[in-house]
Amino acid sequence: MAGVLDRQIIVEPFPLAPSRLFTARSFLVDRAVPDCEEILLPGRLAPGGAIPFGLVDRMAPPPAPRGWRARLRKMPAAVPLEGGLGMDCRFTSPENWSHFLNLHAPLAFALMHRLDLRPSDLTLILPLHTPGFVLKGAAHLGLRTQCAAGAVTGPGVAFQPSRNITIPDRRRWLEEAGVIDRLWQGPSDNLPRHVFLARRGTRHILNQPEIEAALAERGHVTIYPEDLSPADQFHLFNTAETIVGIHGAGLAPLLYRHPDAPLRHLVEILPAGHMTDFFRLMAQQVGCAWTGVRGRIKPDYIRPAYDLSARIYREHSLDGFEVDPVSLLRALEAAA
């Protein structure tokens, strides 16, 4: 691989402001009268850093597969690059809608901006079986893609990705490259103004009919993001005034919200097994109020949550969970 990482993208830290989180009613508040807890989440500084990058004559091969079974399989033959310059995005699961929109695409635009490239000049290399909706999302952003399992031969942009997937500068990268303004078409007449983004399968709400009924009284329409086209998923965040959504990929287009969009309040429903400030930080960056709602805590969650020696608490990340409608309505009223 001829070439060196002789340049770098400086990632500025971002001061995350304190926010509010509402919990399910319980006797943890008072032993006689159950109620919701209103928790003040502390502010913190999302760390910055640097991402080295540079142009190379020949892109490096992808990492060797892990596990002895994978190593026994024949490595796929190398294929030529489709285009003039490649960017290998086969890290941190780009086949995941949220990862692609919130990490790989912004980084591609940041590199193009610094190298004075047009989107047509750079080909993003993705895993062979990347879902079609991710490819359509890339096309909607004007990005060129190529799917491959093995090495891709040709010149490219080499970089050392940050391990921090919550890179705080992603929004600024999109603004610098003009992406936010380019996508802006104004609100769509075909999409609702108050939305409940639901999930099927993993991390779904077990008492969803109860939650849907409570939200319907407030004018919220239930939508499953995967039922919308990639373009409409972007339009939704530039059309809705209030979005209630379960933490996950359906909230990924928030990063692309235009400053003139009517969206003023995001209520994020989080399972107790997957607490994160990923979209809380993003909401503050795009100028939208954020309030969290934590689902009911299951007994199995208690002991691991207090084991501070564990590096990552994710055993119950994808569990289905119950939500207290009272806590959800409290959260909606918080920024009214």
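A crossover is right-handed if, with the strands pointing away from the viewer, the path from the first strand over the helix to the second runs clockwise. In this predicted model, local features are reported only at pLDDT of at least 70 and side-chain atom pairs only at pLDDT 80 or more, whereas totals for chains, interfaces and linings use all residues. Residues are numbered from 1 along each chain as its sequence is written, and side-chain values use heavy atoms, without hydrogens and water.

A right-handed β-α-β unit is formed by strand E8, helix H2 (residues 97-115) and strand E9. Helices (H or I, at least four residues) and strands (E, at least two) are DSSP runs, numbered from the N terminus. E8 and E9 (residues 122-127) run parallel and are joined by four bridges; two strands pair if DSSP finds at least two bridges between them. Met 87 of E8 has Leu 124 as its bridge partner in E9. Strand E8 (residues 85-88) is covered on both faces, with Leu 85 and Met 87 buried on one side and Gly 86 and Asp 88 buried on the other. Here, buried means under 20% relative accessible area, exposed over 50%, and partly exposed in between (1.4 Å probe, protein chains only).

The largest nonpolar core comprises 62 residues, and Met 87, Phe 100 and Leu 107 are among those with the most contacts inside it. Such a core is a set of buried Ala, Val, Leu, Ile, Met, Phe, Trp, Tyr and Cys residues joined through side-chain atoms within 4.5 Å. Helix H2 supplies the largest share of this core, twelve residues. A second, separate core of 17 residues includes Ile 211, Leu 215, Tyr 224 and Ile 246. In soluble globular proteins, nonpolar side chains tend to be buried together.

In helix H10 (residues 325-334), the buried residues are Pro 325, Ser 327, Leu 328, Ala 331 and Leu 332. These residues lie on the same side of H10 because they cover an arc of only 160 degrees around the axis, the arc being that of the directions from the helix axis to the C-beta atoms. The elements that cover them include helix H6 (208-216) and strand E17 (289-294), through contacts, defined as heavy atoms within 4.5 Å.

Ser 188 is placed in the loop between helix H5 (179-183) and strand E13 (194-197). This serine is buried, with a relative accessible area of 15%. Not counting residues up to four places away in sequence, Ser 188 touches Arg 193 and Thr 239.
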